[in-house]
Amino acid sequence: LDGFRTQILGGLSDDERRKYKVALSRGTYGASPPAGVTRVDGFICCTCHKRLPPMWVNESKAWTRLHCCDGCKRVLVFDPDDEQS
């Protein structure tokens, strides 16, 4: 897993790398698992249930920009096989 993370970090810009590191540290303490990412259901974050801006959701789905939820600071991810996301 560490090798895979290193490979991913090499392809990220400085801003994306910062967002990734902040997101990865989220959930280290408390009830949430330390995943660093969150699924999105429609326009709602599945971790903190905050409504997300539609533009963020669309850009994240298209992999054109990396966005983090304002509430839980986790990176927004989508299941490419899920037709409803």
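1. Disulfides first. In this predicted model, the disulfide count comes to zero. C48 is the one to look at: the nearest cysteine sulfur belongs to C69 and sits 3.4 Å away, and C48 is in no disulfide. The cut-off is 2.5 Å between the sulfurs, so the pair at 3.4 Å is not counted. As for its surroundings, C48 is partly exposed, with a relative accessible area of 31%.

2. C68 is also in no disulfide; here the nearest cysteine sulfur is that of C72, 8.5 Å away. Against the 2.5 Å limit, that separation does not qualify, so C68 stays unpaired. Is C68 buried or exposed? C68 counts as buried, at 14% relative accessibility, whereas C48 is partly exposed.

3. A word on confidence before going further. The protein chain has an average pLDDT of 77, and 73% of the residues reach at least 70. Where is confidence lowest, and where is it highest? The low end is helix 1 (residues 2-10), with a mean of 68, and the high end is strand 2 (residues 44-45), at 92. Where pLDDT is low, the predicted coordinates should not be read in detail. I'd keep that in mind when looking at helix 1, which has the lowest confidence in the chain.

4. On to charges. Side chains of opposite charge can pair when their charged atoms come close. How many salt bridges does the model have? The count comes to one salt bridge, and the partners are R18 and D15, whose closest N and O atoms are 2.9 Å apart. Both residues belong to helix 2 (residues 14-25) and are three residues apart, about one turn of the helix. Neither partner counts as buried: R18 is partly exposed at a relative accessible area of 48%, and D15 is partly exposed at 36%.

5. Last, have a look at L52, which is found in the loop between strand 2 and helix 3 (54-61). Although L52 is in a loop, the residue is buried, with a relative accessible area of 3%. Which residues does L52 touch, leaving aside its neighbours within four places in sequence? L52 is in contact with V40, F43, I44, C45, V57, C69 and L76. Two of these tie back to earlier points: I44 and C45 are the residues of strand 2, where confidence is highest, and C69 carries the cysteine sulfur nearest to that of C48.

6. One more distance, linking L52 to the cysteines: the C-alpha atoms of L52 and C68 are separated by 9.6 Å, with the two residues 16 apart along the chain. Both ends of that pair are buried, L52 at 3% and C68 at 14%.

Notes
Residues are numbered from 1 along each chain as its sequence is written. This is a predicted model: local features need pLDDT of at least 70, side-chain atom pairs count only at pLDDT 80 or more; totals for chains, interfaces and linings use all residues. Side-chain values use heavy atoms; hydrogens and water are left out. Buried means under 20% relative accessible area, exposed over 50%, partly exposed in between (1.4 Å probe, protein chains only). pLDDT is the predictor's confidence in each residue, from 0 to 100. Helices (H or I, at least four residues) and strands (E, at least two) are DSSP runs, numbered from the N terminus. A salt bridge is a side-chain nitrogen of Lys or Arg within 4 Å of a carboxyl oxygen of Asp or Glu. Contact means heavy atoms within 4.5 Å.
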